[in-house]
Amino acid sequence: MHDAVMAALSTVNDPELHRDLVSLGMIERAEMVGGVAQIKVNLTTPACPLKGQIESEVRAAVMAVPGVNSVQVSFGATVRMAAQPALPGVKHVLLVGSGKGGVGKSSVAVNLAASLAADGARVGLLDADVYGPSVAHMLGQGAARVTANAERKMQPLEAHGLKFISMANLSPAGQALVWRGPMLHSAVQQFIKDAAWGELDYLIVDLPPGTGDVQLSLTQTVNVTGAVIVTTPQDVALIDAARAIDMFRKASVPVLGVVENMSYFVAPDTGNVYDLFGRGGSRKLGEQYPLLGEIPLDMDVRQDADAGIPAVLAHPHTPAAQALISVARNLAGQVSVLAVNKELSQSLAELPDQLTVV
């Protein structure tokens, strides 16, 4: 009976990885208790965007096995990493960048991190926008100060289920940082390597706008899994977003997708939809890179940021929060695809040049 159930499960593909759950090692348990099939699927991320589809297809496949009267499906999740971890204990470093300021990059980064953490992932958030650090304020920890642990490493602060470090928690409020490239490089090195991040599935890095020293330092310091580009729909923003994409391409950092922020506005009194900055412009970039989502302009997102609570936690059922949650899950899916594909490529590369014919 077990073999029959496993054979049925081998016909169910992960919708993103396009391989069956059995060969991917995603079936953690398949047991029969009387006429009840108890199946536990170990997802490649707790933020799996297609969990519902997988559950439905598993039920349908196993119910077709003779002798099965009902199916109980449960889930676990283990985030996979490709080859070696990005940092000791950190599986994936994900950069959130933009070609220009004013597109809501930091707000998107904070909500992506909070959403992934809410789904059960272990998440860190590094505010590398040293000239305009706003992550601490958006997490309600602007007055907190970073301390050192017993090993004399920076101890990240914690808020809303995630760890974070921001220059705002290391320098006096309102003090301008007048730093040249070498000082920026040193700061980035310390944030990455001299901080006690612990065990993380994802370390989200909020980059400064543009294509400057911090971006270069990060890509040279750590094994980056990929980058997310945040833009608004109008051509002026897209031109700069294309430059950011080109920078990551030259640094051999995969672009995991594009986020169109402030995509449209829904008037709360009439329900009319207004495309204040145009709409869908990022789909031009999405022809080459996945469009992770379109986020509407929403007053709750701004108010929640000022209040120090990410919108995905404060007002999770609003259209903007739902769009941000969808973006986070789509991003997690892209990371899983990249990790599994690299894992497969490495396995194939380790095969001998000539296989023994038996």
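**Figure 1. Strand S11, a mostly covered strand of this predicted model.** Let's begin with S11, which spans residues 226-231. Six of its six residues are buried. In a regular strand, the side chains alternate between the two faces of the sheet. Are the faces of S11 covered or open? Both are covered. One side carries Gly226, Val228 and Val230, and the other carries Ala227, Ile229 and Thr231, all of them buried.

**Figure 2. The partners of S11: strands S4 and S12.** Here S11 is shown with the strands it pairs with. Strand S4, residues 90-97, runs parallel to S11 and is joined to it by four bridges. To find your way in this pairing, look for Val96, which stands opposite Val228 of S11. How many bridges join S11 to strand S12? There are five, and these two strands also run parallel. S12 covers residues 255-260, and its Val255 stands opposite Ala227. To get from S11 to S12, the chain passes through helix H7 (residues 235-250), making a right-handed β-α-β crossover.

**Figure 3. The stretch that UniProt lists as "domain: MIP18 family-like".** This view turns to residues 3-74, the range given for that name in an unreviewed UniProt entry. Within this range, helix makes up 28% of the chain and strand another 28%. The C-alpha atoms at the two ends of the range are 19 Å apart.

**Figure 4. The largest pocket and its lining.** The space in this pocket comes to about 360 Å³. Its lining is made of 25 residues. Which of them lie nearest the centre? They are Val103, Gly104, Ser107, Asn261 and Met262. Helices H3 (105-118) and H9 (299-307) are the elements that give two or more residues to the lining. H3 gives the most, with five residues. By residue type, the lining of the largest pocket splits into 11 nonpolar, eight polar and six charged.

**Figure 5. A binding site recorded in UniProt, seen at the largest pocket.** The unreviewed UniProt entry places the feature "binding site" at Gly99, Lys100, Gly101, Gly102, Val103, Gly104, Lys105 and Ser106. From this set, Lys100, Gly101, Gly102, Val103, Gly104, Lys105 and Ser106 belong to the lining of the largest pocket. Two of the recorded residues make a nice pair to look at in turn. Gly102 sits in the loop between S4 and H3. Why does Gly102 count as exposed? Because its relative accessibility is 68%, and the cut-off for exposed is over 50%. Lys105 lies in helix H3. With a relative accessible area of 5%, Lys105 is buried, since buried means under 20%.

**Figure 6. The largest cavity and the residues around it.** Rolling a probe the size of a water molecule over the atoms shows where empty space is left. The structure holds one cavity of 30 Å³ or more, and the largest cavity has a volume of about 30 Å³. Which residues line the largest cavity? Ser107, Val110, Asn111, Met138, Val301, Ala305, Pro310 and Ala311 do. H3 and H9 are the elements that give two or more residues to this lining. The most comes from H3, with three residues. Six of the lining residues are nonpolar and two are polar, with no charged residue among them. Ser107 is worth finding in both views: it lines the largest cavity, and it is one of the residues nearest the centre of the largest pocket.

Notes
Residues are numbered from 1 along each chain as its sequence is written. This is a predicted model: local features need pLDDT of at least 70, side-chain atom pairs count only at pLDDT 80 or more; totals for chains, interfaces and linings use all residues. Side-chain values use heavy atoms; hydrogens and water are left out. Buried means under 20% relative accessible area, exposed over 50%, partly exposed in between (1.4 Å probe, protein chains only). Two strands pair if DSSP finds at least two bridges between them. A crossover is right-handed if, with the strands pointing away from the viewer, the path from the first strand over the helix to the second runs clockwise. UniProt positions are given in the numbering used here, feature names are shortened, and annotations may be inferred rather than shown by experiment. On a 1 Å grid over the protein atoms alone, a cavity is a set of points where a 1.4 Å probe fits but cannot get out, and a pocket is an open set with protein on both sides within 12 Å along at least five of seven lines; lining residues have an atom within 4 Å of a point. Grid points are joined across faces, edges and corners, and a volume is the space filled by probe spheres set on the points. Ala, Val, Leu, Ile, Met, Phe, Trp, Tyr, Cys and Pro count as nonpolar, Asp, Glu, Lys and Arg as charged, and the others, Gly among them, as polar.
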